[in-house]
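This report concerns helix packing, nonpolar cores and selected residues of a single protein model. Please consult the sequence and the structure shown below while reading.

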Amino acid sequence: MNRIYLVGYMGAGKTTAAKRIAQRLGWEVADTDALFEEKYKISVNDFFNKYDEALYRKLESQVLKSTESLENVVVSTGGGTACFFDNMEWMNQHGLTVFMRISPKAAVDRVIHSRHKRPLVEGKTEAELAEFVNRNYAERLPFYEQAAITVKSEDLDLDDLVKQLEGLRLS
């Protein structure tokens, strides 16, 4: 396997973990949100405001599948990427998938304190955010759980994960 896909809910730390894992493996890092923004010359947030989620998910799937041409790369995916079209199945066929599991409570806390705008939760009160995250996370969990590896992102041991990934890649 020369591609690792990190999946999980918003706030799970996929982008940060991707950078650290790639650095340890001597690989490149890619972020599907950044690839989307580069290709379409619009931020994900602005796209959601101007168009709709259905169109975004279609284009996002195309961006994801463009990573097939990348070698030795850790790909950080958007929180919903795994949950639409055949994206999770596709990632499992084209790389090693890692579900960065975070509790809904921790996700709410991280999203509230994040500087990163997230279109699905923008403008929600803390109570509305907690209700949304609990419901939305439960809907997405069956997709995330299809990943080859699951790690707890709140207390991620990066050294252990990298050893596990190296062992799987070499076998």
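The following paragraphs treat helix packing, then a buried serine, the loops and the nonpolar cores.

**Packing around helix α4**

The model discussed here is predicted, and its local features are reported where pLDDT is at least 70. Two packed helices are described by the angle between their axes and the distance between the axes. Helix α4, which comprises residues 53–65, packs against helix α2, residues 32–40, at an angle of about 105 degrees. The axes of α2 and α4 are 10 Å apart. Because angles of 65 to 115 degrees count as roughly perpendicular, α2 is roughly perpendicular to α4. On the α2 side, the contact is formed by Thr 32, Asp 33, Leu 35, Phe 36, Lys 39 and Tyr 40. On the α4 side, Tyr 56, Leu 59, Glu 60, Gln 62, Val 63 and Leu 64 take part. Sorted by class, the residues of this contact between α2 and α4 are seven nonpolar, two polar and three charged.

Helix α4 also packs with helix α5, residues 87–94; their axes cross at roughly 5 degrees and come within 11 Å. Since angles under 35 degrees count as roughly parallel, α4 and α5 are roughly parallel to each other. Here α4 contributes Ser 61, Leu 64 and Lys 65, while α5 contributes Asn 87, Trp 90 and Met 91. The contact of α4 with α5 has three nonpolar, two polar and one charged residues.

**Ser 61 in helix α4**

Ser 61 lies in helix α4. Its relative accessible area is 6%, so Ser 61 is buried. When neighbours within four places in sequence are left aside, Ser 61 is in contact with Phe 85 and Asn 87. With Asn 87 there is a polar contact between the two side chains, at 2.7 Å. Ser 61 and Trp 90 are separated by 29 residues in sequence, and their C-alpha atoms lie 9.8 Å apart in space.

**Residues in the loops**

The table lists the relative accessibility of four loop residues.

| Residue | Loop | Relative accessible area |
|---|---|---|
| Gly 11 | between β1 (3–7) and α1 (14–25) | 11%, buried |
| Lys 41 | between α2 and α3 (44–50) | 68%, exposed |
| Thr 67 | between α4 and β3 | 0%, buried |
| Phe 85 | between β3 (73–76) and α5 | 57%, exposed |

Lys 41 is not a glycine, yet it has a positive phi of about 55 degrees. Phe 85, likewise a residue other than glycine, has a positive phi near 55 degrees. Phe 85 is also one of the residues in contact with Ser 61.

Thr 67 is placed in the loop between α4 and β3. A polar atom of the Thr 67 side chain lies 2.6 Å from the backbone oxygen of Leu 64. Leu 64 is among the α4 residues that make the contact with α2, and it also takes part in the contact with α5. Leaving aside neighbours within four places in sequence, Thr 67 is in contact with Arg 3, Tyr 5, Leu 35, Val 75 and Trp 90. Of these, Leu 35 belongs to the α2 contact with α4, and Trp 90 belongs to the α5 contact with α4.

Gly 11 is found in the loop between β1 and α1. Gly 11 and His 113 are 102 residues apart in sequence, with a C-alpha to C-alpha distance of 9.8 Å.

**Nonpolar cores**

Which residues touch the most other members of the largest nonpolar core? Among its 46 residues, these are Ile 4, Leu 6, Tyr 9, Ile 21 and Val 98. Helix α7, residues 126–144, gives the most to this core, with six residues. Another core, of eight residues, lies apart from it and includes Val 44, Phe 48, Tyr 56 and Val 63. Tyr 56 and Val 63 are also among the α4 residues in contact with α2.

Definitions and conventions. Residues numbered from 1 in each chain as written. Predicted model: local features only at pLDDT ≥ 70, side-chain atom pairs only at ≥ 80, totals over all residues. Heavy atoms only, no water. Axes fitted to C-alpha atoms, helices over the stretch in contact; angles between N-to-C directions. Helix = DSSP H or I, 4+ residues; strand = E, 2+ residues; numbered from the N terminus. Parallel < 35°, antiparallel > 145°, perpendicular 65-115°, else oblique. Contact = heavy atoms within 4.5 Å. Nonpolar A, V, L, I, M, F, W, Y, C, P; charged D, E, K, R; others polar. Buried < 20%, exposed > 50% of the residue type's maximum accessible area, 1.4 Å probe, protein only. Core = buried A, V, L, I, M, F, W, Y, C linked by side-chain atoms within 4.5 Å. Polar contact = N/O pair within 3.5 Å; in protein donor to acceptor, adjacent residues only side chain to side chain.
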